[in-house]
Amino acid sequence: MMDYESLIPSAVREMKPSGIRRFFDLVGGREDVISLTIGEPDFVTPWHIRVAGIESLERGRTYYTSNSGTPELREAIAGYLARRFGAHYDAKTQIMVTVGGSEAIDLTFRALLSPGDEVIIPQPAFVCYGPLATLAGGTPVYVETKERDRFKLTPEALRAALTPRTKLLVLPYPNNPTGAILTREELAALAAVLEGTNVLVLSDEIYGELTYGRTHASCAAVPGLAERTILVSGFSKAFAMTGWRLGYLAAPAPLFPQILKIHQYAIMCAPTTAQFAAVEAMQNGDGDVEMMRTEYNRRRRYLTAGLRAIGIDCFEAEGAFYVFPNISRFGMTSETFCARLLNEHGVAIVPGNAFGDCGEGFARISYAYSVEHISRALDRIEKFTSSLA
Amino acid sequence: MNELLKLLEDNARLSDEQLGMMLGKETGEIREMIERFEAERVVLGYKAIIDWDKTDKESVSALIEVKITPQRDRGFDRIAEKIYNYPEVESLYLMSGAFDLAVMIEGKTMKEVAYFVAMKLAPIEDVIATSTHFVLRKYKDKGVVYGADPVDERLTF
């Protein structure tokens, strides 16, 4: 008789399942639900990008690529980062193509963390940073960001969290779930706090193309941050390519070979078909991104105005495709609010505490949905909140 | 302003209030903009896109290439008017290339379309030749794919 339980290392056993999953397991499956929970684009990958993938298969491009990705794609990424965000990297010695942004995050933690190293993680944030940092031997240090600061990491909060053990600062902006962004000036202020330290920055810029009203400011283009930044991004959100599983990492040249070793042994290379499609996305995809960004922006305005009109305070999100309204005035926990909304009115949204304890009192609502869909959900949410008044 | 037009072109059934919410403008402001577009004939009308094959209505459509002799002083306009005044004519374009006018026509039956060409279109003075192409199947019209039933295949989380 196998004792499987005893075989699992405590670091893995103690890893908590994602709070999003836990919530939905709790409330169970339901028919006739209008969901506003999804964290991926509702658009299909633009046709010309799909065609590039198909053509690569027709030509029999089915072999491994070099470990860090095809030279064409790395060159295309370098060109794109410079053109869009003013971030300058050498394609050969600084850019590697990964299996989604997620792999790039995992690689960074595994390559850089020693036992006891502290990783500063602003919250609310996407759920993967803490568990992956812990698994790599690091110690997550969560820093609460506040609605009154527009959910931005402030220089004061960063200074207070720094210790001699701090190895890495995670900057998850544009932010999932809050929709917060950091401007160039705000990044410069964080850079000033880090000046003279040996702290690295893991900048997760997966939503970098989805900002509204101003162009995303990349850490990799800010003096004082660029030289300490590991930039992580990918194709999923900007080009509606989630299922292709393709991301990339750009790092200071001295760190790059160390990170690449892990990718070489664990992954070999990112999927070849996806890499061929991604070259097309980088070279000819600006128009698609612009179209999708415009559409998301309409929905963002629609959803924010709609929530405010029914009396739900909603912070003005400036990036990604989520809003993070404050539901604390209804006098119940986020989980109770979301569970009741789902059970009594058939609308699914994600309780804010799934993104860290400080998300309590908020909920994440995705607008990767049509306006008609959002409109139907708003009608039901209004029925719910007016029943509480 | 162009963004409002694009939204209307895509879905004219959105209410003024919804349009205002999407564009960050007041409902009254949207109403005024639309009224101005209508008055200036920038917006010419609102129509639904219907897949008639899913109904019991019989209909065929055809593209007719028309060659004509332009009239002195008035060019193609007078002849175009003679053609587009027929209610069967859905669209009429002046084209570059091997023929002059492209006529999109809809009728109940092929016979009806043939009758229109033979009895109404071809006899018009200055029409030199016609060439009729029947539409066998509509795959996509005005940006909308026919028959496609979009299903959200994304996992909930």
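User: Why is strand E5 of chain A said to be largely enclosed by the rest of the structure?

Analyst: In this predicted model, five of the six residues of strand E5 (residues 166-171) of chain A are buried, so the strand is largely enclosed by the rest of the structure.

User: OK, and which strands does E5(A) pair with?

Analyst: Strand E3 (residues 118-123) of chain A pairs with E5(A) in the parallel sense over three bridges, and there Ile120(A) stands opposite Leu169(A) of E5(A). E5(A) also pairs in the parallel sense with strand E6 (residues 200-204) of chain A, over four bridges, with Val170(A) standing opposite Leu202(A) of E6(A).

User: How does the chain get from E5(A) to E6(A), and is the crossover right-handed or left-handed?

Analyst: The chain passes through helix H10 (residues 184-194) of chain A on its way from E5(A) to E6(A), and this β-α-β crossover is right-handed.

User: Switching topic: how many residues of chain A are in contact with chain B?

Analyst: There are 15 residues of chain A in contact with nine residues of chain B. On the chain A side, the elements that give two or more residues are helix H3 (19-27), helix H13 (286-309) and helix H15 (371-388).

User: Which of those gives the most, and what classes of residue are there on that side?

Analyst: H13(A) gives the most, with five residues, while the whole side of chain A that touches chain B has six nonpolar, four polar and five charged residues.

User: And how is chain B divided?

Analyst: Chain B is divided into domain 1 (2-39) and domain 2 (52-138), and the C-alpha centres of these two domains of chain B lie 34 Å apart.

Terms used
Residues numbered from 1 in each chain as written. Chains lettered and ligands numbered in written order. Predicted model: local features only at pLDDT ≥ 70, side-chain atom pairs only at ≥ 80, totals over all residues. Domains from an automatic or database assignment. Buried ≥ 20, exposed ≤ 12 C-beta atoms within 10 Å, placed from the backbone. Pairing = 2+ DSSP bridges. Right-handed = clockwise from strand over helix to strand, strands pointing away. Contact = placed C-beta atoms within 7 Å. Nonpolar A, V, L, I, M, F, W, Y, C, P; charged D, E, K, R; others polar.
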